[in-house]
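Work through the exercises below with the sequence and the model in view. Each task is followed by its solution.

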Amino acid sequence: MGRIHRCTVRFSNAHGAGRATEVEASSLSEAACRGWAKFKSSDETFDESYRTEEFIIEVHEGTKTYKVKLEKLLAWLDNRGRGPADGLHRKRLRKLLDANLDG
């Protein structure tokens with residue numbers, strides 16, 4: 001994606017009920033992390049977001065929808081990256097998620 005886009009991040013709970021939140025992000029991974037961080041900070045969706053297999057991300061500019069597998073997102077965050085900038089980006093996203101676990 002590159003530049004900042006407004007996105008809707010969604011997932012379905014075990015009963016098939018959809019949950020959604022709005023975020024601004026510059027990549028699909030960032031959108032998934034920002035959305036998941038919001039879900040984890042909400043009492044209503046905290047436990048449910050851990051039980052999903054994927055997040056569905058709709059990018060509003062030029063409306064496109066993507067699926068981000070939770071397992072693959074976590075593996076991607078754990079990798080070092082392709083260089084210093086990529087490594088710092090992943091570290092920033094991990095901190096975003098960690099901050100919501102502590103708070």
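**Exercise 1: Strand pairing**

Task: In this predicted model, state in which sense strand E3 and E4 pair, and over how many bridges.

Solution: Locate strand E3 at residues 54-59; E3 pairs with E4 in the antiparallel sense, over six bridges. Then take one bridge as an example: valine 59 has lysine 64, in E4, as its partner.

**Exercise 2: The sheet**

Task: Give the strand order of the sheet and name its edge strands.

Solution: The four strands form an open sheet in the order E2-E1-E3-E4, and their pairing is antiparallel. Next, look for strands that pair on one side only: these are the edge strands, E2 (18-25) and E4 (64-69). From one strand to the next, the twist averages 25 degrees.

**Exercise 3: Helices across the sheet**

Task: Which strands does helix H1 lie across, and which does helix H3 lie across?

Solution: Start with H1, residues 28-41, which lies across E1 (5-12), E2, E3 and E4. Its direction is at about 125 degrees to E2. Helix H3, residues 70-78, lies across E3 and E4 and runs at about 75 degrees to E4.

**Exercise 4: Length and burial of H1**

Task: Check the span of H1 against its 14 residues, then state how many of them are buried.

Solution: At 1.5 Å a residue, H1 should span 20 Å. The C-alpha atoms at its ends are 20 Å apart, so the two values agree. For burial, apply the cut-off of under 20% relative accessible area. Ten of the 14 residues are buried, which leaves H1 mostly covered. Among the buried residues of H1 are Cys33, Trp36, Phe39 and Lys40.

Definitions and conventions:
Residues numbered from 1 in each chain as written. Predicted model: local features only at pLDDT ≥ 70, side-chain atom pairs only at ≥ 80, totals over all residues. Heavy atoms only, no water. Pairing = 2+ DSSP bridges. Helix = DSSP H or I, 4+ residues; strand = E, 2+ residues; numbered from the N terminus. Axes fitted to C-alpha atoms, helices over the stretch in contact; angles between N-to-C directions. Contact = heavy atoms within 4.5 Å. Expected span 1.5 Å × (residues − 1). Buried < 20%, exposed > 50% of the residue type's maximum accessible area, 1.4 Å probe, protein only.
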